[in-house]
Amino acid sequence: MLGGDLAIIKSAAENNFIFSLLKKQKTITVWGVWLGLVRKADKKFYWIDDTPLAKGYRAWGSGEPNNARGIEKCGNMYGLGLLNHLTVEGEAPKMESLWSNLTWSILSKALDRSNSTSAAICFLSIASICPQDGWVHYGNFSYLVIDIPTLKWSDARRTCEILGGDLAIVRSAAENNFIFDLIKKQKTITNWGVWLGLVRKADTKFYWIDDTPMANGYTAWLTGKPDSVSQKCAHMYGTGGGAGKWDDVYCENSPSYFTSSPVILCKKKK
């Protein structure tokens, strides 16, 4: 989709560079970033190019990998100072830039990679990505779908901004149909489809992210929608009876709704 893969780290210098890049991001989670590192059936870790981890550079945190509950099959680099999980006297060591192992869980399944052992991909979030292609032209604009379920509207918007665009503003039925056709071509199509560049303001009315009142133009709300002033963001359904139609939704979803959450749709001028 974006022409690359998760990072393989071959040296301390590269590890330090990645951590310095991570620290520059606006959103830095405790668990940091996923690595291109996966535990195979032999219970050993391999990079996604099938290189055994045991033969090269490693930067595991203290006590890692621990394979908690026997289900932690992916590797991550910590992003924030995380206290050691063991109870100790005084201050526990910090784990910034060091590695841990985490559960494969629903994240890889959502991306249809759950049956792959040699090229498993697991995602935490997107902070900075640079696709070489993938933009699709329509009229005077280009569109990009990043088909990774994204819990927060603000994270989706920030991703588009990093890529030189923004969340999509939909001006006509023809454009809405084009976007829906684009969604249907993706490998991952969630029930909640894609986030839209549409937000409810203090006056409880919806506006596009360029401050255009939604009421002044085209809309494609599902029958009965929008229906809750507490739901301040909008998405286009990807599947189900409402596919291609819009709905109002909370701007941040619970992790339990990950597999249903909207993916990212970016739009920019050619």
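Let's begin with strand S1, which spans residues 33–39 and is mostly covered, with six of its seven residues buried. Keep in mind as you look around that this is a predicted model.

S1 has neighbours to explore. It pairs in the antiparallel sense with strand S3, residues 72–77, over three bridges, and here Val33 stands opposite Met77. S1 also pairs with strand S2, residues 45–47, again antiparallel and over three bridges; the bridge partner of Val38 in S2 is Tyr46. Five residues separate S1 and S2 in the hairpin they form, and in its turn Lys43 has a positive phi of about 70°.

Now turn to the aromatic rings, where the count comes to nine pairs. One of them joins Phe45 and Trp60: the ring centres are 5.2 Å apart and the planes meet at 55°, so this pair is tilted. Because Phe45 lies in strand S2 and Trp60 in the loop between S2 and S3, the pair ties together parts that are 15 residues apart in sequence. Both Phe45 and Trp60 are buried.

Tyr138 and Phe178 make a stacked pair, with 4.4 Å from centre to centre and 15° between the planes. This pair links strand S5, home of Tyr138, to helix H4, home of Phe178, across 40 residues. Is each partner buried or partly exposed? Tyr138 has 31% relative accessibility, so it counts as partly exposed, while Phe178, at 15%, counts as buried.

Further along, ring pairs link Phe206, Trp208, Tyr218, Trp221 and Trp246 into a cluster. Charges meet rings as well: the charged end of Lys201 sits over the ring of Tyr207, 4.9 Å from its centre, and that of Lys267 sits over the ring of Phe141, 4.3 Å from its centre.

Terms used. Residues are numbered from 1 along each chain as its sequence is written. This is a predicted model: local features need pLDDT of at least 70, side-chain atom pairs count only at pLDDT 80 or more; totals for chains, interfaces and linings use all residues. Side-chain values use heavy atoms; hydrogens and water are left out. Buried means under 20% relative accessible area, exposed over 50%, partly exposed in between (1.4 Å probe, protein chains only). Helices (H or I, at least four residues) and strands (E, at least two) are DSSP runs, numbered from the N terminus. Two strands pair if DSSP finds at least two bridges between them. Rings of Phe, Tyr and Trp (its six-membered ring) pair if their centres lie within 6.5 Å; planes under 30 degrees apart count as stacked, over 60 as edge-to-face and the rest as tilted. A charge sits over a ring if NZ of Lys or CZ of Arg is within 6 Å of the ring centre and within 35 degrees of the ring normal.
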